[in-house]
Amino acid sequence: MARDPDSKVVRPFAFFRAGVQSDPSAARRPILVFEDVYKYFRRDQPTLRGVNLTIERGEFAFVTGPSGAGKSTLLQLVYRKHTVDTGRILFCGKDVARLKPKSIPYLRRNLGIVFQDFKVVRHWTVYENVAVALEILAMPKRLVRSRVAEALERVGLAGRGSERTENLSGGEQQRVAVARAIVTEPALILADEPTGNLDPHLAIDILTLFEEINATGTTVLFATHDHSLIAKRDHRIIGIDEGRVVEARTGLRSWPGAEERAASDPASGLHAVAG
Ligand SMILES: Nc1ncnc2c1ncn2[C@@H]1O[C@H](COP(=O)(O)OP(=O)(O)OP(=O)(O)O)[C@@H](O)[C@H]1O
Ligand SMILES: [Mg+2]
């Protein structure tokens with residue numbers, strides 16, 4: 001017997017998951033590939049120039065670099081806020097730029113997106129802010145209730161569903177946003193400066209929360225310019241500078257002197273490893 005009698009309703013995501021179901025080797029292929037991606041907001045100056053990048057399933061990677069480097073743009077191209085000008089972005093093997101408008105909701109259902117400013121509806125309850133991600137999928141109420149309760153528990157907000165979101169602290173509001181991002185069980189989480197509005201110890205708490213989510217198999221791309229946060233961990237670092245990827249494969253701690261450099265000049269904590 002199926003574990004979940006509502007599985008047909010719970011998983012209307014066949015568009016991206018079908019690849020894995022019909023072809024088990026898809027699970028071993030990268031979840032996200034950038035192939036020579038260029039993005040121009042201005043004709044004379046590309047924001048991203050020749051980005052090549054492969055993210056494996058289950059990875060946790062920081063995306064970092066100075067302000068204006070193109071970190072947000074990189075993530076926004078994945079969720080089709082913008083479209084690449086040349087090159088390709090493959091998410092679960094599908095070319096994101098070639099998705100028809102009617103397919104974009106399917107793409108986004110398979111992505112969890114978390115922003116610096118939380119983007120929660122302040123006058124809604126905690127429950128409503130998380131449930132909305134499932135209600136737009138027309139999921140039965142009973143199932144929404146259990147999935148929201150589970151997501152709130154995972155982010156440390158068990159039992160807080162009936163509170164008005166604006167009465168929560170900043171760190172708690174970001175947890176609500178994380179719960180909303182994970183409640184649909186996306187394959188990939190895109191977090192754009194999710195700790196940018198939080199003080200340092202709350203930033204570590206939120207980073208740890210994303211790491212716990214990653215430990216359950218969800219791939220996480222975590223954009224931040226906060227070198228002190230990056231230096232505390234040993235995750236892969238994707239550095240972006242003037243629209244190019246300058247990548248370090250392991251954490252800053254593995255670079256002799258990197259922490260001191262980051263401390264004395266936050267903008268120079270990264271340098272090109274190759275090229
Ligand atoms: N919608 C847009 N229209 C025009 N230019 C844009 C747009 N989005 C980004 N840009 C430009 O692209 C460049 C990269 O911006 P992006 O927001 O990706 O940088 P970032 O690395 O996220 O910076 P920050 O650390 O400040 O968030 C900037 O020069 C920015 O002005
Ligand atoms: Mg940004």
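Two strands count as a pair if DSSP finds at least two bridges between them. Keep that rule at hand for the exercises below, and remember that this is a predicted model.

**Exercise 1: A hairpin to warm up**

Task: Decide whether β9 and β10 pair, and describe the turn that joins them.

Solution:
- Start with the bridges. Strand β9 (residues 236-241) and strand β10 (residues 244-248) are linked by 5 bridges, and their sense is antiparallel.
- Apply the rule. At least two bridges are needed for a pair, and β9 and β10 have 5.
- Find residues that face each other. D241 has R244 in β10 opposite it.
- Look at the turn. The hairpin has 2 residues between the strands, and E242 takes a positive phi near 45° there.

**Exercise 2: Build a sheet**

Task: Work out in what order the 4 strands of the open sheet stand, and which of them are at the edges.

Solution:
- As background, the strands of a sheet pair through backbone hydrogen bonds, in either a parallel or an antiparallel way.
- Take β1 and β2. These strands run antiparallel and share 7 bridges, and a hairpin of 2 residues connects them.
- Add β4. Strand β1 (residues 32-42) is also joined to β4 (residues 86-91), by 5 bridges and again antiparallel.
- Check with a single residue. L32 faces F91 in β4, and its bridge partner in β2 is I55.
- Write down the order. The open sheet reads β2-β1-β4-β5, with antiparallel pairing.
- Name the edges. β2 (45-55) and β5 (94-95) each have a single partner strand, so one side of each is left without a neighbour in the sheet.

**Exercise 3: Two unusual phi angles**

Task: D36 and C92 both have a positive phi without being glycine. For each residue, say where it lies and whether it is buried or exposed.

Solution:
- Begin with D36. Its phi is about 45°, and its place is in strand β1.
- Count the neighbours of D36. There are 12 other C-beta atoms within 10 Å, and a residue with 12 or fewer is exposed, so D36 is exposed.
- Turn to C92. Its phi is near 50°, and it sits in the loop between β4 and β5.
- Count the neighbours of C92. It has 22 C-beta neighbours inside 10 Å, and 20 or more makes a residue buried, so C92 is buried.

**Exercise 4: Around the ligand**

Task: Which residues surround ligand 1, and which helix gives the largest share of the shell?

Solution:
- List some of the residues. Among those surrounding ligand 1 are F41, T47, K71, S72, T73 and H225. The list also includes G65, S67, G68, A69 and G70.
- Sort the shell by type. It holds 2 nonpolar, 8 polar and 1 charged residue.
- Find the helix. The largest share, 3 residues, is from helix α3 (residues 71-78).

**Exercise 5: A covered helix**

Task: How many residues of helix α5 are buried, and what covers them?

Solution:
- Count first. Helix α5 (residues 126-135) has 7 of its 10 residues buried, and is mostly covered.
- Name them. The buried residues are V126, Y127, N129, V130, A131, A133 and L134.
- Look at what lies over them. The cover includes α6 (141-154) and α7 (170-182).
- Focus on V130. Beyond its neighbours within four places in sequence, V130 contacts V148, A151, L152, V176, A179, R180 and V183.
- Place V130 in the core. The largest nonpolar core has 69 residues, and V130, A179 and L221 touch the most other members.
- Connect this to a general tendency. In soluble globular proteins, nonpolar side chains tend to be buried together.
- Finish with G159. This residue is in the loop between α6 and α7, and with 10 C-beta neighbours inside 10 Å it counts as exposed. The C-alpha atoms of G159 and Y127 are 9.6 Å apart, although 32 residues separate them along the chain.

**Exercise 6: The whole protein**

Task: How many helices and strands does the protein have, and what share of its residues is buried?

Solution:
- Count the elements. There are 10 helices and 10 strands.
- Give the share. Of the 275 residues, 38% count as buried.
- Add the contacts. Among contacts with a separation of 6 or more, 67% come from residues 24 or more positions apart.

Terms used: Residues are numbered from 1 along each chain as its sequence is written. Chains are lettered from A and ligands numbered from 1 in the order in which they are written. This is a predicted model: local features need pLDDT of at least 70, side-chain atom pairs count only at pLDDT 80 or more; totals for chains, interfaces and linings use all residues. A residue is near a molecule or strand if its C-beta atom, placed from the backbone, lies within 6 Å of it. Ala, Val, Leu, Ile, Met, Phe, Trp, Tyr, Cys and Pro count as nonpolar, Asp, Glu, Lys and Arg as charged, and the others, Gly among them, as polar. Two residues are in contact if their C-beta atoms, placed from the backbone, lie within 7 Å. A nonpolar core is a set of buried Ala, Val, Leu, Ile, Met, Phe, Trp, Tyr and Cys residues joined through C-beta atoms within 7 Å.
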